[in-house]
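Here's a short set of exercises to work through with the model open beside you. Try each task before reading its solution.

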Amino acid sequence: MHEAGAVAGALERVIGAWTSADGGRHIEIEIRDATRAEPEAVAFYADAILAERGLDEVTVSVRTTAVDCALCGARAAASPANPQCDACGAPLPRLDGPAVVAHEVAVVAAEMSGPMACA
Ligand SMILES: [Zn+2]
């Protein structure tokens, strides 16, 4: 799976210097390009990588940046298996750079930012 390498690279930028979970930390992983990574796979690999590093207490959330069709403007439910627009069938635009990025989120902010806060 492509996600394993992408998630490892994104997480390493965040947790590279960590030696412990420090009583609970939260990492938000953002899928920038939904045609190249699946949320379920990203969450799976993130958990596995954190467990391997002894950072089991770190919590992870996965967020997918919405993709709009460049041709018809429809909001697409993109995935690696479905990289086309559902409405018109055009291929969805691919982003340059990493498909997955990660950053640490302060725990207080993480509790406040539900799906509604991101809209
Ligand atoms: Zn379209």
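**Exercise 1. Find the handedness of the crossing between α1 and α2, then describe how the two helices pack.**

Solution. Start with the hand: α1 passes α2 in a right-handed crossing. Keep in mind that you're looking at a predicted model. Next, take the geometry: the packing angle is about 55°, and the axes are 9 Å apart. That angle is neither under 35 degrees nor over 145, and it's outside 65 to 115, so α1 and α2 count as oblique to each other. Finally, pick out the residues that make the contact. α1 brings E3, A4, V7, A8 and L11, while α2 brings A41, V42, Y45, A46 and I49.

**Exercise 2. Work out the strand order of the open sheet and say which strands sit at its edges.**

Solution. Go through the pairings one by one. β1 and β2 run parallel and are joined by 6 bridges. β1 and β5 are also joined by 6 bridges, but these two run antiparallel. Put that together and you get an open sheet of 3 strands in the order β2-β1-β5, with mixed pairing. The edge strands are β2 (59–64) and β5, each of which pairs on one side only. On average, neighbouring strands here are turned by 25° against each other, direction ignored.

To check the order at residue level, try H26. Its bridge partner in β5 is V105, and in β2 it stands opposite T59.

**Exercise 3. Which residues of β1 are on its covered face, and which are on its uncovered one?**

Solution. A general rule first: side chains in a regular strand alternate between the two faces of the sheet. Now read along β1: I27, I29 and I31 are on the covered face, and H26, E28 and E30 are on the uncovered one.

Then look at the helices against the sheet. α2 lies across β1, β2 and β5, running at about 155° to β2. As for the strands that pair antiparallel, β1 and β5, α1 packs on the sheet and touches both of them, its direction making about 30° with that of β5.

**Exercise 4. Which residues of the largest nonpolar core touch the most other members, and which elements give two or more residues to this core?**

Solution. The largest nonpolar core has 25 residues, and V7, I29, V42 and V100 are the ones that touch the most other members. Two or more residues come from each of α1 (2–15), β1 (26–31), α2 (39–52) and β5 (100–105).

Now zoom in on V42. Leave out its neighbours within four places in sequence, and V42 is in contact with E3, V7, I29, I31, A37, V62 and V100. Among these contacts are V7, I29 and V100, which also appear in the list of residues touching the most other core members.

**Exercise 5. Are T65, R75 and D96 buried or exposed?**

Solution. The cut-off you need is 12 or fewer other C-beta atoms within 10 Å for exposed.

- T65 has 12 such atoms, so T65 is exposed. You'll find T65 in the loop between β2 and β3 (67–68). Not counting residues up to four places away in sequence, T65 touches E30, I31 and R32. T65 and A34 are 31 residues apart in sequence, but 7.3 Å apart in space, C-alpha to C-alpha.
- R75 also has 12, so R75 is exposed. R75 is found in strand β4 (residues 75–76). With residues up to four places away in sequence set aside, R75 touches A66 and D68. R75 and C85 are 10 residues apart in sequence and 8.1 Å apart in space, C-alpha to C-alpha.
- D96 has 6, so D96 is exposed. D96 lies in the loop between β4 and β5. The C-alpha atoms of D96 and R32 are separated by 9.5 Å, with their positions 64 residues apart along the chain.

**Exercise 6. What pattern does the chain follow when read along the sequence?**

Solution. Count the elements: there are 4 helices and 5 strands. Read along the sequence, they give α-β-α-β-β-β-β-α-α. For the whole chain of 119 residues, buried residues make up 25%. Last, take contacts between residues at least 6 apart in sequence: 66% of them join residues at least 24 apart.

Note on methods. Residues numbered from 1 in each chain as written. Predicted model: local features only at pLDDT ≥ 70, side-chain atom pairs only at ≥ 80, totals over all residues. Core = buried A, V, L, I, M, F, W, Y, C linked by C-beta atoms within 7 Å. Buried ≥ 20, exposed ≤ 12 C-beta atoms within 10 Å, placed from the backbone. Contact = placed C-beta atoms within 7 Å. Pairing = 2+ DSSP bridges. Axes fitted to C-alpha atoms, helices over the stretch in contact; angles between N-to-C directions. Left-handed = near helix turned anticlockwise from the far one by under 90°.
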